[in-house]
Amino acid sequence: AKVQDEGGHGMYLYAAAETLGVSRDDLVEALHSGKAKYSSIFNYPTLNWADIGVIGWLVDGAAIMNQIPLCRCSYGPYARAMIRICKEESFHQRQGYDLLLTMMQGTAAQREMVQDAVDRWWWPALMMFGPHDAESTHSGDSIKWGIKRISNDDLRQKFVDATVPQAKVLGVTLPDPQLKWNEARGHFDFGPIDWQEFWNVVGGHGQCNRDRLAERVRAWEDGAWVREAALAHAEKLRRRDRLAA
């Protein structure tokens, strides 16, 4: 069900982009050629079952933090798509967290598996909010146009503040020795992000960039017969309707 949801999210966003005058074929070609960017988080490997739970908790949690403000952005088709996406992502996050709670009540090996997954996904999840505001190419215009409502750094801080108590309940340690509550700021302080890693991944040099894109192109090519059959069937129905008229 989650895979089906995520596929639907892509369809919603492609449909929103098409309202700007670009074709679906152009969008797919831009993705396959490497011209179009996608979330850096998809270029990290999933090694075991605990990764599924941590992705639901941290990755979908970061996505929700990013996307909820977009439900009230200035571009209607994008905002409407985000409303449904956020509802479904909220379920994904709860499912992931519940999976981890169950594993943390299991064997020592299961608890170690969860902690290992948290260690690997924590920093990439923080990178999902993008570079610091001063280094973000498009944030200024996006905020000026009302598409983006909250800055990268503010969203990242909100995510950290919300996630630390959840980690405590779960019984895992977030892999940041500098993570601590700052009474004066009213927020958690956290350590520096490895921005070199972030830019390497964004630039196509992450652990799984090439594999992910190659698999996406292969799936598109293998599915050509389905698209051709659907178009042929649609044309058959149109001819039938014309004859009936």
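This is a short tour of a predicted model, from the whole chain down to its cores.

**Whole chain.** Start with the full protein chain in cartoon view. Ten helices and two strands make it up. Follow the sequence and the order reads α-α-α-α-α-α-α-β-β-α-α-α. The C-alpha trace spans about 75 × 45 × 35 Å along its principal axes.

**Surface.** Switch on the accessible surface, which comes to about 14300 Å². Carbon and sulfur atoms account for 58% of that area. Of the 245 residues, 38% are buried. Now colour by charge. There are 29 positive and 32 negative side chains. The centres of these two sets lie 7 Å apart.

**Main core.** Select Trp57, Trp121 and Phe159. These residues have the most contacts inside the largest nonpolar core, which has 41 residues. Next, show the helices around them. At least two core residues come from each of H3 (49–67), H4 (76–104), H5 (108–127), H7 (152–170) and H8 (195–202). In soluble globular proteins, nonpolar side chains tend to be buried together.

**Second core.** Now select Leu70, Cys71, Ile85 and Cys86. They are among the five residues of another core, apart from the largest one.

**Phe159.** Return to Phe159 and zoom in. What does phenylalanine 159 contact beyond its neighbours within four places in sequence? Its partners are Leu58, Gly61, Ala62, Met65, Trp122, Ala125, Leu126 and Phe129.

**Contacts overall.** Finish with the contact map of the protein chain. Take contacts between residues at least 6 apart in sequence: 75% join residues at least 24 apart.

How values were computed. Residues are numbered from 1 along each chain as its sequence is written. This is a predicted model: local features need pLDDT of at least 70, side-chain atom pairs count only at pLDDT 80 or more; totals for chains, interfaces and linings use all residues. Side-chain values use heavy atoms; hydrogens and water are left out. A nonpolar core is a set of buried Ala, Val, Leu, Ile, Met, Phe, Trp, Tyr and Cys residues joined through side-chain atoms within 4.5 Å. Buried means under 20% relative accessible area, exposed over 50%, partly exposed in between (1.4 Å probe, protein chains only). Helices (H or I, at least four residues) and strands (E, at least two) are DSSP runs, numbered from the N terminus. Contact means heavy atoms within 4.5 Å. Accessible areas come from the Shrake-Rupley method with a 1.4 Å probe; for residues, only the protein chains shown count as cover. Lys and Arg count as positive and Asp and Glu as negative; His and the chain ends are not counted. The place of a charge is taken as NZ of Lys, CZ of Arg, CG of Asp or CD of Glu.
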